[in-house]
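The following exercises introduce a structure step by step. Please attempt each task before reading its solution.

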Amino acid sequence: MSLFIVEAVVIGFKEALKLALVWLVFSAFLLEQNRQKLIIPFYWGVFLTFLLSLVSFFIHPDLFVKDVFARLIGYTFFVFFIGSVAALYQSSGVRLFRFRLNDTILRPVVLLLTVFYFLPDIVGSSLFIRELSLMKESYAPVYVSALTGFVVTLAAVVAVAGRFRRTLGKFFGIAQFLLFLSVVKLLGGGIKGFAELSLIPSVERGVIKFVHDVVHQTFVFLMVPDHPLLRVTVWNFIGILFSSSFALWIVLLVVLTPPVMFLYRSFTARIPEPEGVLTGAEKRKIKASIKRDRLRKAVPVAFFVCIILVSWFSGRGEQVSRFYNPKPKPVVEDKGVVIIPLTDPAMDLMDGKLHKFSLLRGEDTVVIIVIKKPDGKLAVCLDACEICPPEGYGQIEDNVVCIYCRTPIPIETLGQKGGCNPIPLKATMTDRDIRIDVSEIDRLWQDVRAGKTKEIVK
Amino acid sequence: MEFISVKDVVKEYETAVALRGVDMDVEKGRWVSIVGPSGSGKSTLLNIIGGLDSPTKGSVFIDGVDLGSLSEDAMARFRRENIGFVFQQSHLVPYLTSVENVMLAQYFHSITDEAEAVEALNRVGLGHRLHHRPSQLSGGEQQRVCIARALINSPKILLADEPTGNLDRENTRLILELLKKLHSEEHFTIILVTHDPFVSKWAERLLTMEDGRIIKDEPLYC
């Protein structure tokens, strides 16, 4: 079986599993709330989602639309997570909302939320499958993915139809259900097949970028030319603020604080005294049922806290060992051009890893970096930026990281000029090699060497 | 329908027949005594009414619920919420204090409430013995803890099997007076098994058993 087919199977399986899980918990939740009729708009929402994903499959959306859908996954997580936090707050005894929506209002709400929840993933996955089928020049990945999805969904639905749901429903209030949806989105929201099964790296990247911008904007506000002024030792300390570890702890703090506070309250909050003329035993029975309900509702929250912790730390464990900084390979000038082959027996530029090449120019060694971007194109840059001293870049997963100031740069943004990005080089691509004019390298390197770019920053 | 209804109950063991077709109805809030010689089937009948044992044949209804139709879990829940037991032996947990023994019954019913347990012990006259262990209590006091424990969950029925069997006359009288007071206040149904005529006379109705059958059913006026 080719890699394309395996990848199609994985994507079909993943999306079907998410759909089946959400169906199971939602139907159990509705059963417990005695609102089973609301499953109908859910089914319509799923149907509409698949219809829209079919449309997107055939209309060939541009990169901007694809990017919007990829971002929507993150926003969906955010919306459902905020919703769950609000509902957790409400269910812990604080009355945020005093209304109870009737089914007439809830029907369109459920339909729209179903589309909002599933559309980014299903469209993203179908576009990815489309790219696979274009690469394979066959519709096989499409059929395989659709068939896998259908079989897995059907099997899951048949396996649990009528079972567990009554019991399962007791564990889910609206808060727990929304939290479940956001956790499913967090752990299964990635649309890049093997490469990104979850949203966790994106969330971490977002936080890193945010912290990085806050640090630099603070320096700008204070009119301190940070990069030229501060030495690498200082940056090693400041860089901790936008390192993966820091982002990990920030994200964990933000994501885990509400559920942990909910758990704390579940176990410690006083149970209100039942009202009415009741015997002591009747009062205790009511209190016991409130306590039992609190404990049940705490179970999924505690479970999600554990899952998030495990996922995050397992991701972290992989990351620690993945800082990659290859030794530059020497290349030489040939008639004013540097030629780098796309492949040779010891190297493949299309493998997604960072590649470095060194070129002797007088007393200097100029380093060039080449890496494949997610869109399949190659980024060719100097191993230096306009701001920091030319210490170069390493790679951690989907980022290249400035060794001087620890700033992570998403690989998809390579080729863009300015800021902390490596300085892009104009290069000509053929189907066998990359060709870079030495005059272009010399010009840009002289700017770096003379600190011209840093003068501009100053 | 009667509150407790026993219909044609037979209980057979491998080597003996304990009950041979017992029929009995008890109205809500009544105090019924069952007397008879040893081996007449009194305790077996009490255990079957309390769901501690099941009949070989026949059925028992309590407040309209057919005990034979309940699963093991449902039976345990039903017992916990509807029936209180007092036996000849106190069966108190020896390393727990009086109040803790009462709270243990609360724990198995729902949740514990120490103030309520203390109040229950006050009502049976043991407010000064709250933190004493069973070994530090007299037989009469132990039995009073048992009554507090049996009534803490507001059962609809109190089943008492020779509750004063180990007590002297003075303590027997104290226990029966206590039961009478609680019965008049809370109106639960009492079925009390004894072979002591002094004890049986405190009831409103007397059933006499012999050889697995009820041979006499008479009202008592005390």
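**Exercise 1. The contact between the chains**

How many residues does the contact take from chain B, and how many from chain A?

*Solution.* The model is a predicted one. The contact takes 11 residues from chain B and eight residues from chain A.

Step 1 turns to area. About 750 Å² is buried between chain B and chain A, and carbon and sulfur atoms give 58% of this. On the side of chain B, the residues that lose the most area to chain A are B:Ser110, B:Ile111 and B:Glu116, which together account for 55% of what that side buries.

Step 2 turns to polar interactions. Two salt bridges are found across the interface of chain B and chain A. In a salt bridge of 3.0 Å, N to O, the side chain of B:Glu81 meets that of A:Lys285. Between chain B and chain A, five residue pairs are in polar contact, both residues being at pLDDT 80 or more.

**Exercise 2. Helix 2 of chain B**

Identify the buried residues of helix 2 of chain B and state where they lie on the helix.

*Solution.* Step 1: helix 2 comprises residues 72-82 of chain B, and its buried residues are B:Ala74, B:Met75, B:Phe78 and B:Asn82.

Step 2: seen down the helix axis, these residues fall within an arc of 100°, so they line one face of helix 2 of chain B. On the other side of this helix, B:Glu72 and B:Asp73 are exposed.

Step 3: the packing partners of the buried residues are strand 4 (57-62), strand 5 (65-66), strand 6 (83-86) and strand 7 (157-161) of chain B.

**Exercise 3. Two helices of chain A**

Describe the span and burial of helix 7 and helix 13 of chain A.

*Solution.* Step 1 sets the scene. Chain A contains 14 helices and 14 strands, and 46% of its 458 residues are buried. Among contacts in chain A between residues at least 6 apart in sequence, 70% join residues at least 24 apart.

Step 2 considers helix 7 of chain A, residues 174-188. Its 15 residues reach 21 Å from first C-alpha to last, close to the 21 Å expected at 1.5 Å a residue. Of these 15 residues, 13 are buried, so helix 7 of chain A is largely enclosed by the rest of the structure.

Step 3 considers helix 13 of chain A, residues 438-449. This helix has 12 residues and reaches 16 Å from first C-alpha to last, close to the expected 16 Å. Its buried residues are A:Val438, A:Glu440, A:Ile441, A:Leu444, A:Trp445 and A:Val448. Seen down the axis of helix 13 of chain A, they fall within an arc of 150°, so they line one face of the helix.

**Exercise 4. Two residues of chain A**

Is A:Ser145 buried or exposed, and which residues does A:Lys170 contact beyond its neighbours within four places in sequence?

*Solution.* Step 1: A:Ser145 is found in helix 5 of chain A, residues 140-160. Its relative accessible area is 10%; buried means under 20%, so A:Ser145 is buried. Leaving aside neighbours within four places in sequence, A:Ser145 is in contact with A:Ala8, A:Gly12 and A:Ile129.

Step 2: A:Lys170 lies in the loop between helix 6 (165-169) and helix 7 of chain A. With a relative accessible area of 28%, A:Lys170 is partly exposed. Leaving aside neighbours within four places in sequence, A:Lys170 is in contact with A:Glu32, A:Asp293, A:Arg296 and A:Lys297. A:Lys170 and A:Arg296 are 126 residues apart in sequence, and their C-alpha atoms are 6.9 Å apart in space.

Notes. Residues are numbered from 1 along each chain as its sequence is written. Chains are lettered from A and ligands numbered from 1 in the order in which they are written. Side-chain values use heavy atoms; hydrogens and water are left out. Helices (H or I, at least four residues) and strands (E, at least two) are DSSP runs, numbered from the N terminus. The expected span of a helix is 1.5 Å times one less than its number of residues. Buried means under 20% relative accessible area, exposed over 50%, partly exposed in between (1.4 Å probe, protein chains only). The arc is that of the directions from the helix axis to the C-beta atoms. Contact means heavy atoms within 4.5 Å. Buried area is the accessible area (1.4 Å probe) that two parts lose on being put together, summed over both. A salt bridge is a side-chain nitrogen of Lys or Arg within 4 Å of a carboxyl oxygen of Asp or Glu. A polar contact is a pair of N or O atoms within 3.5 Å; within protein, one must be able to donate a hydrogen and the other to accept it, and residues adjacent in sequence count only if both atoms are side-chain atoms.
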